[in-house]
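Thanks, everyone. I'll keep this short. Please look at the screen, and we'll walk through one binding site together.

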Amino acid sequence: MSTARRFVIEETKATHEMMAALTDVRLVRNLAYINGKWISGEQFNPVYNPASDEIVGYSTQLSCEQMEQAVLEADNAFKPWRQLQADQRGEYLMRWYQLILEAKQDLAHLMVIEQGKTYSEALGEIEYGASFVRWFAEEARRSYGETIPSHIPNAQLSTIREPIGVAALITPWNFPNAMITRKAAAAMAIGCPVLIKPASETPFSALALAELADRAGIPAGIFNIVTGKASTFSHVVCQSDKVKALSFTGSTPIGKLLLSDAASTVKKCSMELGGNAPFIVLPDMDIAQAAQAAADAKFQTSGQDCLAANRIFVHHTHYDAFLEHFAQHVEQQVVGNGLDPDVTVGPLINRKAAEKAMQLLNDALSKGARIVAQSPSAKGHTSTRGNFFSPTLLADVTPDMAVYREENFCPLAAVLPYHDIDQVIEMGNDTEYGLAAYVYGHDIHDIWRCMRGLEFGMISVNSVKMTGHPIPFGGMKQSGLGREGSQHGFDEFSEIKYCCLGALPTASGS
Ligand code: NAP
């Protein structure tokens, strides 16, 4: 443990409590992890527990020069890593996967403390995040090229998939583990070093992954965590010719900014951006089941989920019955510290998020929406910054309300009636976002019309759970570019090289 780390880690009472709850305190790191070393910047930024607003620790802020050096070191590590056999890269990743699973309880605990979600949600995320590491460890050996029937006499035509080079990854705070592994495992398996800039709210989950990558023996320079100012990082990586790919998960406005910054060096960009998911309850659906599913799709991660059901459309014949059932689910939610096993909805990430939730609510109420139910307020926990927001059922939402137009990112359930399938498909599509949509019903004809008509990258019928390592995760329209996970996950970090092997005439001329 370095002197700098000991000083900042032992500074607060909350830090001591966090460390005492872990079985492996070496997972708590606050220096950046660059080229296999723990590096201190010139200053440290506080990291808060959103449930208590206490400072739980500090993470270091690297300078522009240190970030530039990190790019150079990652680039130096590229050649030997890409030259390993795919099986060898896969073995490194498999060791990392095993260490992540062995540490999953500590990793989940750390995540609750800096992110606020419930412990069971955090544990689920660690397992989900680890599944990408395993998937790409196995897929490494299957990154096939293709042979092409030749249109040139006697030539052999083929393609080879090659790693693109250093990849810069920028990730959000709502899934501080899985958004890293879903990108990094794909990039590393195909042969690319990664430079990861985690969200400033959740650096510890990222740094714990680095500690485990180090223990797994992943060579220096391949997995790097760069903590510091987001704008400095994006400037450094976007200007650098050595960084060949930029993969971002976060809000649509920042994604647009990055796309324009990355244009100067023509980087390969993949963007996992915001969502505004419709949840459509078809006329023949069992209403109690639909209400349960809608509540599950709305309240996970306190509604701070790009897949959260943002607008819930219910056929007008069942509207009142649906509200009644949904109200029961709202009233059963228990709000509080995610480490409390009774709690189902943790705090929002910070005060700004709670204020935004309140603005959305007030805007909707001023335009005619009504509150049908609200869960009891935070269980025994107060936050001086007021980060808690009680799950709220809002009926009679209309398209002029911000809660309909914007990604809510809070436990505010917005419900509205519709009259026929054409109308609900049109309303579902009435957004610049196109990440995910849910459809609940039985009639296969209606389901099929929704599946074909909805302009979203992922459509889930009669299931809240839709994500996982084998599926291509990603959005249409302004929800993003590219896909993560699945066999397509390599596309964002590789180039297709076409080779034409012609046949020279032999010396005898035959
Ligand atoms: P955000 O504000 O866009 O931040 C995401 C990341 O971008 C953070 O690491 C942040 O760093 C960084 N960032 C901020 N400003 C930047 C800049 N000027 N240049 C470069 N990087 C910058 O989003 P968020 O609030 O963390 O996350 C919520 C959003 O992510 C929602 O819109 C959600 O839908 C989306 N999301 C999408 C998916 C998906 O798969 N499609 C998954 C999860 C989340 P700092 O923290 O240091 O500011």
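Start with the elements around the ligand. Four of them each supply at least two residues of the shell: helix H7 (178-190), helix H9 (230-239), strand E10 (243-249) and helix H10 (252-262). Which one gives the most? That is H10, with 3 residues. Keep in mind that this is a predicted model.

Now the shell as a whole. It has 30 residues surrounding the ligand. The closest are Thr171, Lys197, Ser251, Leu273 and Glu407. By type, the shell divides into 16 nonpolar, 9 polar and 5 charged residues.

Next, the polar contacts. Take Lys197, which is on that list of closest residues. A polar atom of the Lys197 side chain lies 2.8 Å from an oxygen atom of the ligand. Then Trp173. An N or O atom in the Trp173 side chain is 3.0 Å from a ligand oxygen. Gly250 uses its backbone instead. There, a backbone N or O atom lies 3.4 Å from an oxygen atom of the ligand.

How much of the ligand does the protein bury? Taken alone, the ligand exposes 910 Å². The protein buries 86% of that.

So where does the ligand sit? In the largest pocket. And where is it relative to the domains? Domain 1 covers 16-273 + 479-496, and domain 2 covers 277-461. Both give residues to the shell, so the ligand lies between them.

To recap: the ligand is in the largest pocket, between domain 1 and domain 2, with 86% of its exposed area buried by the protein. Thank you.

Methods: Residues are numbered from 1 along each chain as its sequence is written. This is a predicted model: local features need pLDDT of at least 70, side-chain atom pairs count only at pLDDT 80 or more; totals for chains, interfaces and linings use all residues. Side-chain values use heavy atoms; hydrogens and water are left out. A residue is near a molecule or strand if one of its heavy atoms lies within 4 Å of it. A polar contact is a pair of N or O atoms within 3.5 Å; within protein, one must be able to donate a hydrogen and the other to accept it, and residues adjacent in sequence count only if both atoms are side-chain atoms. Accessible areas come from the Shrake-Rupley method with a 1.4 Å probe; for residues, only the protein chains shown count as cover. On a 1 Å grid over the protein atoms alone, a cavity is a set of points where a 1.4 Å probe fits but cannot get out, and a pocket is an open set with protein on both sides within 12 Å along at least five of seven lines; lining residues have an atom within 4 Å of a point. A molecule sits in a cavity or pocket if more than half of its atoms lie within 2 Å of its grid points. Helices (H or I, at least four residues) and strands (E, at least two) are DSSP runs, numbered from the N terminus. Ala, Val, Leu, Ile, Met, Phe, Trp, Tyr, Cys and Pro count as nonpolar, Asp, Glu, Lys and Arg as charged, and the others, Gly among them, as polar. Domain bounds come from an automatic or database domain assignment.
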